[in-house]
Amino acid sequence: MITEPTLFTRIINKELPAEFVYEDDKCVVIKDINPKARVHLLIIPKKPIPTLFDLKPEDKDLMGHMMLLLPQIAQSQNLDGFKTHIHTGETGGQEVFHLHIHLLGK
């Protein structure tokens, strides 16, 4: 089965524009194009995992990396607090089926 790359895969591959805040070998952090807070960033793994339901045991290091990155990114944005959202599945509000974490702060 051939599937089209997700919007986020195309951003990661620099095929579509985005405002990058951070990038390493495992993930990227971009500004949300429709922010719901003064700071609204998306932490996106480079590995295309559709939803939390699709995580495998071998993804635990990647997820740990992303979780540990959250406070570092928040501090780089001068936030002293923040909230996170992970939408999972259509009924969970997920719009792009490439796992990502929303980081929101005032």
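This is a short tour of the strands, the main pocket and a few single residues in the structure above.

First, some ground rules. The model is predicted, and local features need pLDDT of at least 70, side-chain atom pairs count only at pLDDT 80 or more, while totals for chains, interfaces and linings use all residues. Residues are numbered from 1 along each chain as its sequence is written, and side-chain values use heavy atoms, with hydrogens and water left out.

## The strands

Let's start with how the strands line up. Helices (H or I, at least four residues) and strands (E, at least two) are DSSP runs, numbered from the N terminus, and two strands pair if DSSP finds at least two bridges between them. Strand S1, residues 20-23, runs antiparallel to S2, and 3 bridges join the two. With 3 residues between them, S1 and S2 make a hairpin. S2 also pairs with S3 in the antiparallel sense, over 5 bridges. S3 in turn pairs with S5, again antiparallel and over 5 bridges.

Here is who faces whom across those strands:

| Residue | Opposite residue | Strand of the opposite residue |
|---|---|---|
| Phe20 | Ile30 | S2 |
| Lys31 | Leu41 | S3 |
| Val29 | Ile43 | S3 |
| His40 | Leu104 | S5 |

How covered are S2 and S3? Buried means under 20% relative accessible area, exposed over 50%, and partly exposed in between (1.4 Å probe, protein chains only). By that yardstick, 4 of the 5 residues of S2 are buried, and in S3 the count is 7 of 7. In a regular strand the side chains alternate between the two faces of the sheet. S3 is covered on both faces: Val39, Leu41, Ile43 and Pro45 are buried on one side, and His40, Leu42 and Ile44 are buried on the other.

Val29 is a good residue to click on here. It lies in strand S2 and is buried, with a relative accessible area of 0%. Val29 and Ile43 are 14 residues apart in sequence, but their C-alpha atoms are 4.5 Å apart in space.

## The largest pocket

Now for the open space. On a 1 Å grid over the protein atoms alone, a pocket is an open set of points where a 1.4 Å probe fits, with protein on both sides within 12 Å along at least five of seven lines; lining residues have an atom within 4 Å of a point. Grid points are joined across faces, edges and corners, and a volume is the space filled by probe spheres set on the points. The largest pocket comes out at about 520 Å³. Its lining has 24 residues, and Asp32, Leu42, Glu95, His100 and His102 lie nearest its centre. The elements that give two or more residues to this lining are helix H1 (7-12) and strands S2 (27-31), S3 (39-45), S4 (83-85) and S5 (101-105). Which element gives the largest share of the lining? That is H1, with 3 residues.

What is the lining made of? It divides into 11 nonpolar, 8 polar and 5 charged residues. For this split, Ala, Val, Leu, Ile, Met, Phe, Trp, Tyr, Cys and Pro count as nonpolar, Asp, Glu, Lys and Arg as charged, and the others, Gly among them, as polar.

## Residues in the loops

A few loop residues are worth a look. Lys14 lies in the loop between H1 and S1 and counts as partly exposed, at 49% relative accessibility. Its charged end sits over the ring of Phe20, 4.5 Å from the ring's centre (a charge sits over a ring if NZ of Lys or CZ of Arg is within 6 Å of the ring centre and within 35 degrees of the ring normal).

Lys14 has a backbone quirk, too. Most residues other than glycine have a negative phi. Lys14 is not a glycine, yet its phi is positive, at about 65°. Asn78, also not a glycine, has a positive phi of about 60°. Asn78 lies in the loop between helix H2 (60-76) and S4, and it counts as exposed, at 69% relative accessibility.

Is His98 buried or exposed? His98 is buried, with a relative accessible area of 0%, and its place is in the loop between S4 and S5. Lys26, in the loop between S1 and S2, is partly exposed, with a relative accessible area of 33%.
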